[in-house]
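Reader: Could you take one part of this model and describe it closely, with its neighbours and its surroundings? I would like a connected account rather than a list.

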Amino acid sequence: MNITSYSVLTAIICFNVLILLFAFFRRKSRVVFYCGMAPLICFCVFSIARTLCVVEFPFTRVVTVQSVNWLYDLFRTSIRLLDREISVGFLVCVAWSSWTAARLWRFLTQTFASARYMRQTVWVGDPETLRLCWQITSGRARLALTERRVPYIAGFFRPVIFIPNIPLSENELRYTFMHEWQHFKNRDQWKKVALHLLICLFWWNPLVYILRFELDQILELNCDRDVLGQLPKEERVAYLRMIGGFYDSGLESGKKNDVLISEIVSLKKGMVFFDRYQLIKQRLWLGMRYGQMTLRQKIVSFLFCVCIAAAFFGSYLINIQPRYKPEELEESWLVDFPEGTVLFENADGTYMVVIDGESWCTLQDRSKEPFASMPVIPFKNS
């Protein structure tokens with residue numbers, strides 16, 4: 001196994017394809033109802049795994065694509081900076097790592113700021129509310145008031161449930177505590193932090209932000225499913241009505257962009273190109289159909305997951321590389337090769353021209369000079 005620029009490019013392309021499919025199927029409420037949540041979770045997990053595991057294996061076959069030539073040509077372009085020749089690829093790597101470090105630093109400062117904010121909260125003193133919270137969380141969660149109109153939970157080890165300072169009935173409080181506590185039991189805060197670290201690394205890819213948006217909805221759908229499973233049938237409508245009520249009140253105030261919290265209703269102001277009403281509509285529509293999944297649907301869901309897993313592992317069978325045609329190059333390029341230039345045979349029968357230890361181009365045919373006289377290192381499938 002090894003990591004090359006080609007394997008990184010292939011991983012990014014596969015990640016983008018999986019995310020687009022993930023977003024497409026997540027928006028189809030009938031598909032989610034018929035196939036269940038398992039395929040969506042598979043899409044999410046395998047897309048993240050593919051973008052992090054960028055290795056190529058001995059059985060990987062090379063697929064040459066001419067449409068990516070411009071990208072590699074751009075990275076190889078050299079510019080003069082501070083009396084030195086520096087490649088564009090090197091400058092891109094410096095910019096990538098620098099902005100990643102800046103985003104990580106900002107994330108750490110936000111985390112400490114959230115911790116300071118939690119120490120300045122106004123704690124709930126009503127005995128009945130505290131008793132209800134104690135029953136649901138077994139005394140593991142603290143209770144505080146918030147100026148926001150939507151409840152949320154924050155914290156990783158000793159969580160705090162924040163409730164708005166508005167009149168809530170006993171059932172509404174109970175459903176609120178159940179929902180927020182389920183987020184904590186599902187470790188949704190940890191999942192959001194892990195995804196935020198991924199965004200810090202791949203900040204330049206717009207599809208990671210779509211992944212974050214889609215994951216927020218998946219976490220809410222999964223939390224609703226778990227809570228509905230704990231409620232008797234006669235109370236499920238009341239729980240869903242409470243979610244719709246918090247959505248209406250939450251629109252009045254919105255919320256801050258905080259990746260460390262989980263709310264009953266997610267209302268990120270930055271995602272204006274998505275219809276937030278459709279998100280709550282999907283939760284209510286699927287909630288009303290909870291428990292209606294048949295055996296046939298479970299089989300389809302399993303087969304769907306198998307297909308997604310097969311696509312993930314199948315993506316390691318190919319490795320995308322640029323395709324060059326040496327016969328179309330200018331003649332002066334073909335005769336001016338330095339001594340020590342060698343040809344590396346690829347798995348698909350093409351040849352990689354290597355000059356001073358760096359790959360220069362891919363050959364389809366080495367029968368013509370000057371390539372016919374160059375030493376060849378044969379391909380070894382090991």
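Author: What follows is a close look at one strand, S11, and the strands beside it. The model is a predicted one, and the description should be read with that in mind.

Strand S11 covers residues 351-355, and because 5 of its 5 residues are buried, each with under 20% relative accessible area, the strand is largely enclosed by the rest of the structure. In a regular strand the side chains alternate between the two faces of the sheet. In S11 both faces are covered, with Tyr351, Val353 and Ile355 buried on one side and Met352 and Val354 buried on the other.

Turning to the neighbours, strand S10, residues 342-345, pairs with S11 in the antiparallel sense over 4 bridges, and within this pairing Phe344 has Met352 as its bridge partner. The connection between S10 and S11 is a hairpin with 5 residues between the strands, and in its turn Gly349 has a positive phi of about 90 degrees.

Strand S12, residues 358-363, also pairs with S11 in the antiparallel sense, here over 5 bridges, and Val353 of S11 stands opposite Cys361 in S12. S11 and S12 likewise form a hairpin, with 2 residues between the strands, where Asp356 takes a positive phi near 55 degrees.

Taken together, S11 has antiparallel pairings with S10 and with S12, while its two faces are covered by virtue of buried residues on either side.

Note on methods
Residues numbered from 1 in each chain as written. Predicted model: local features only at pLDDT ≥ 70, side-chain atom pairs only at ≥ 80, totals over all residues. Heavy atoms only, no water. Buried < 20%, exposed > 50% of the residue type's maximum accessible area, 1.4 Å probe, protein only. Pairing = 2+ DSSP bridges.
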